[in-house]
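Let's take a walk through this one, starting with charged pairs and then moving on to the empty spaces and the cysteines. Keep the viewer open as you read.

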Amino acid sequence: MKNSAMVMTIQDPASQRLTWYKPPLTVLVIKKVRDVSVLQPFVQLVKWLIEEKHMVVFVEQTVMDDTLLINNPGFSVVKEKLMTFRDGKDDLTDKIDFIICLGGDGTLLYASLLFQQSVPPVMAFHLGSLGFLTPFEFDNFQEQVTNVLEGHAALTLRSRLRCIIVRKNDELNRTSKPPTNLLVLNEVVIDRGPSPYLSNIDLFLDGKHITSVQGDGLIVSTPTGSTAYAVAAGASMIHPSVPAIMVTPICPHSLSFRPIVVPAGVELKIMLNSDARSTACVSFDGRYQQEMHVGDSLRVTTSVYPVPSICAQDQISDWFDSLAECLHWNVRKRQKHLDELSDLTHSSSNDTLDSLDHTDQLDS
């Protein structure tokens, strides 16, 4: 086309590389809670970052109060050199250059929760249960962290959803109380909660009524969240680099309600139908459950602040390796070649003929 504005530009995911504009000096280390197996790797990593890399290390205040860590002789050496923060009270914006997670996927979700705007690059080590979002193994952490600090790494920009709950009373009274406003990495879920009745939810896309959901509820997920709750509810799996929002019904009372994928730039509005028999429950990445009433609305759109997740290999290899190792995607016994089948058929036929000859000899 002659008009360059009419030509679509498609970005190669491999072009997303980690670039440091200045050497990283501060690192936030997040470890899995209530897991003894993570304590020793945590101590090794923190000690190495302070003594070898001369970095300022931040940890959550609750980590310092862990009795198992307090009694660890290696931790006592570096304890006084650690910086601490309290979740919900201290603002980490512009204080952290780099994040390291030790544990499962929940540690990455927690990192996303801590930074409700721009997120520093996140390096996640697999020390948890599933590990779909944690591609790094801890065995040679020194070499891997050094490579990242030197800028030798690929990035996956994991989009997040901006979720805003607007209350009916707030709109009518114009109160100054700010609405619930959260960023989620996986999904926001609207369900019937403890009610015995079907959810009756109206779904709007850019102001246009799309459909009404009658069932257990609705999942609105990012591509990253498509391999979490959504895939368990029958959705497709979407690569995290795809700009999209997935809408998946939970046990819909309809044989034809299939999950849909909509462009990342749209705004979804979700409300209870005026005929709804009960309220609905909303949760954000499995946290902060709230109740929605008729007249309340949930607005969901793609945030401009993604989570830059550092790749162990590259964007494609990491994702397909996780599909294979964590979800056993497309695992099946190998189909036999025709030559193998013909050999089996031939030997089977000979065995049958030999048995018939033997039977005939016995009869005679």
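What follows is a tour of salt bridges, pockets, cavities and cysteines, in that order.

Keep in mind that this is a predicted model. Begin with the charged side chains. Side chains of opposite charge can pair when their charged atoms come close. Here the count of salt bridges comes to 6. One of them joins Asp296 and Arg167, with 2.9 Å from N to O. That pair ties together distant parts of the chain, 129 residues apart: Asp296 belongs to the loop between strand S16 (287–292) and strand S17 (297–302), while Arg167 is in the loop between strand S7 (161–166) and helix H7 (168–173). The two partners sit in unlike surroundings: Asp296 counts as buried at 5% relative accessibility, whereas Arg167, at 22%, is partly exposed.

Now pull up Asp35 and Lys32, whose side chains form another salt bridge, at 3.6 Å from N to O. Asp35 is buried, with a relative accessible area of 17%, and Lys32 is partly exposed at 25%. Then there's Arg334 with Glu340, a salt bridge at 3.3 Å from N to O. In this pair Arg334 is exposed, at 63% relative accessibility, and Glu340 is partly exposed, at 31%.

On to the open spaces. The largest pocket has a volume of about 430 Å³. It is lined by 19 residues, and the closest to its centre are Trp20, Ile96, Asp97, Pro120 and Pro121. Sort that lining by class and you get 11 nonpolar, 3 polar and 5 charged residues. The second largest pocket comes in at about 350 Å³. Its lining has 15 residues, with Gln11, Gln16, Ser241, Val242 and Pro243 nearest the centre. How many of the residues lining the second largest pocket are charged? None: the split is 9 nonpolar and 6 polar.

Next, the closed spaces. Searching the whole structure turns up 3 cavities of 30 Å³ or more. The largest cavity holds about 130 Å³ of space. Phe132, Pro135, Arg158, Asp318 and Trp319 lie nearest its centre, out of 14 lining residues. Strand S6 (155–158), strand S18 (307–310) and helix H9 (315–326) each supply at least two residues of this lining, and H9 gives the most, with 4. By class, the lining of the largest cavity has 7 nonpolar, 5 polar and 2 charged residues.

The second largest cavity has a volume of about 70 Å³. Its lining includes Leu109, Leu113, Leu182, Val184, Phe284 and Arg287. Helix H5 (105–114), strand S8 (180–184) and S16 each give two or more residues to that lining. In class terms, 7 of the lining residues are nonpolar, 1 is polar and 2 are charged. Where does the second largest cavity lie relative to domain 1 and domain 2? It lies between them, because domain 1 (19–154 + 311–324) and domain 2 (161–304) both give residues to its lining.

Last stop, the cysteines. The structure holds 0 disulfides. Take Cys281: it is in no disulfide, and the nearest cysteine sulfur, that of Cys163, is 16 Å away. Cys281 is also buried, at 11% relative accessible area. Why isn't the sulfur of Cys311 in a bond with that of Cys101? The Cys101 sulfur is the closest cysteine sulfur to it, but at 14 Å it is too far for a bond. Cys311 is likewise buried, with a relative accessible area of 6%.

Technical notes. Residues are numbered from 1 along each chain as its sequence is written. This is a predicted model: local features need pLDDT of at least 70, side-chain atom pairs count only at pLDDT 80 or more; totals for chains, interfaces and linings use all residues. Side-chain values use heavy atoms; hydrogens and water are left out. A salt bridge is a side-chain nitrogen of Lys or Arg within 4 Å of a carboxyl oxygen of Asp or Glu. Buried means under 20% relative accessible area, exposed over 50%, partly exposed in between (1.4 Å probe, protein chains only). On a 1 Å grid over the protein atoms alone, a cavity is a set of points where a 1.4 Å probe fits but cannot get out, and a pocket is an open set with protein on both sides within 12 Å along at least five of seven lines; lining residues have an atom within 4 Å of a point. Grid points are joined across faces, edges and corners, and a volume is the space filled by probe spheres set on the points. Ala, Val, Leu, Ile, Met, Phe, Trp, Tyr, Cys and Pro count as nonpolar, Asp, Glu, Lys and Arg as charged, and the others, Gly among them, as polar. A disulfide is a pair of cysteine sulfur atoms within 2.5 Å. Domain bounds come from an automatic or database domain assignment.
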